[in-house]
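Subject: The structure you asked about

Hi there,

Here is the structure I promised to pass on. Have a look at it first, and then read my notes below.

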Amino acid sequence: MKVYLLSFMVAFIVSLIATPIAEKLAFAIGAIDIPDDERRIHTKPVPRLGGLAIFFGTIMSMLLFLSKTHETIGIVAGATIIVALGLFDDKYSLSAKVKLLGQLGAAVMLIISGVRIDWLSNPFGDGMIYLKSWVAIPLTLFWVVGITNTMNLIDGLDGLAAGIAVISSGSLFIVSLLNGRFATAVISIAIAGAALGFLPYNFNPAKIFMGDTGSMFLGFVLAAISIQGAVKSAAAIAIAVPILALGVPIFDTTFAIVRRLKNGKPIMEADKGHLHHRLLEKGLTQRQVVLIMYGVSLLLGISAILISSSNETKGLIIFLISILLVMWGADRLGLLERQKKGTQVR
C-alpha cells in the first residue's frame, strides 16, 4: 500500500502547486472563460487551464511509480494528445469535428499499445468471450471517445467534474485492487490525488476551471484504466462495473442524447436539461447540487465495487437495482423531458 499512498501524494502535491501556475499561464495566453452569453452561470472571467495541473500531477506519479510498459506508454502518449487538443480548444475553441479527430487519434494510441477491449467475461457461463479485431477496435474507440466526452459534458458547475473524477477513480482503484491490477490501481489513485489537489481552487466559487484540457484528460484516462482494471475482470457482469463507477457522466449523457432525439434536436446541441440544471431549477445552490451529485456518484461507485466482488446472481441483482433507481430518479427530475426555458448553464 506504500506505493499507492506515494502515488496519491505525489499527484496531489504536484497538482496543488501547479494549479496557480496554470492560472497565470491561462491569463498570459488568453485562455479565459468569459461569461458573454446566457449559458454561463459565472459572472466574472475565469481562467480555463486547470487541467494542466491535473495532467502533470497524474503523469508525474505514473512515471515515478510504474514500469515503462507498452500500455503505460500508450496511455501517456494518448493523454498527451488529448491535453494538447484541450489546450488549443481552451484557447481557440476548436470545432467538434477537429476535437473528435483528435480524440480518435488518442484512442488509436491506446489500441496500438494494447489497451483495448479484446475479451469480456461471459455473463451466461464460464470462461471468456474473445472479440475479433473488427469488433474489439470499434468497441474500444466508442468507449474511449464516449467516456472522454461524457466527462467533458458533466463539467458544468464549479467542482463537479473534479469531484466526480475523485470518486470514480477511487472506485476503480478498489476494483483494480480486487482484480490484482497493479498498474491501473496506481493510475487510478494518481488521478484521484491530482483531481483532489485541483479541487480547492475549483470548488465554488471557482478561481480556475479545468477546461477541456482537464475534462477530456480525465475522461480519456478513466476510460483507459476502466478497460484494463474493470472490463477485463473475472466478474460475471464485468462490463457493469465501469458503467456504474463512471455512472453519473454516463447516465447524464445518455439521458441527454435520448432527450434531444425525442425533441428532434441534434445530439451534439447543448441544452439545459442535464441533471445539475434540473437540480438548480429546484432552487438548490451550486454547492448543494454538486454535493448531491457527489453522493449519487459515491453510491454508484460502491455498487460497482460490490458487483466486482460478488457472484453472478448477486452482481446482477445489484446492477438491476442500480439501474432501476437511476431510471426512477431520471423520471422524477424529468431528465428525458424537454428542457424548461430560463435555466442558465455554463
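How many nonpolar, polar and charged residues does the lining of the second largest pocket have? Keep that in mind while I set the scene.

First, a word on confidence. This is a predicted model, and the pLDDT averages 88 over the protein, with 90% of the residues scoring at least 70. Watch out for residues 342-346, though, where the pLDDT is below 50. That stretch still has 24 contacts in the model beyond its near neighbours in sequence.

Now back to the pocket. Its volume is about 560 Å³, and it is the second largest pocket. Its lining is made up of 23 residues, and Val296, Leu325, Val326, Gly329 and Ala330 are the closest to the centre. Four helices each supply at least two residues of the lining: α10 (247-262), α11 (275-281), α12 (286-308) and α13 (312-333). The largest share comes from α13, which gives 10 residues. And the answer to my opening puzzle: the lining of the second largest pocket has 17 nonpolar, 4 polar and 2 charged residues.

Next, a helix pair to look at. Two packed helices are described by the angle between their axes and the distance between the axes. For α3 and α4, the angle is about 170° and the axes are 7 Å apart. Angles over 145 degrees count as roughly antiparallel, so α3 is roughly antiparallel to α4.

If you want to find where they touch, the α3 side includes His70, Gly74, Ile81, Leu85 and Asp89, while the α4 side includes Val98, Gly102, Ala106, Met109 and Ser113. Sorted by class, the residues of this contact are 9 nonpolar, 7 polar and 3 charged.

What links α3 and α4? Ser93 is in the loop between α3 (70-92) and α4 (96-113). Check its backbone too: Ser93 has a positive phi of about 55°, although it is not a glycine.

One more backbone detail sits further along the chain. Zoom in on the loop between α7 (182-202) and α8 (211-231), where you will find Pro205. The peptide bond that leads from Asn204 to Pro205 is cis, with omega near 0°.

Have fun exploring, and write back if anything is unclear.

Cheers

Note on methods: Residues numbered from 1 in each chain as written. Predicted model: local features only at pLDDT ≥ 70, side-chain atom pairs only at ≥ 80, totals over all residues. Heavy atoms only, no water. Axes fitted to C-alpha atoms, helices over the stretch in contact; angles between N-to-C directions. Parallel < 35°, antiparallel > 145°, perpendicular 65-115°, else oblique. Contact = heavy atoms within 4.5 Å. Nonpolar A, V, L, I, M, F, W, Y, C, P; charged D, E, K, R; others polar. 1 Å grid on protein atoms, 1.4 Å probe; cavity = no way out; pocket = protein on both sides within 12 Å on 5 of 7 lines; lining within 4 Å. Points joined across faces, edges and corners; volume = space filled by probe spheres on them. pLDDT = per-residue confidence, 0-100.
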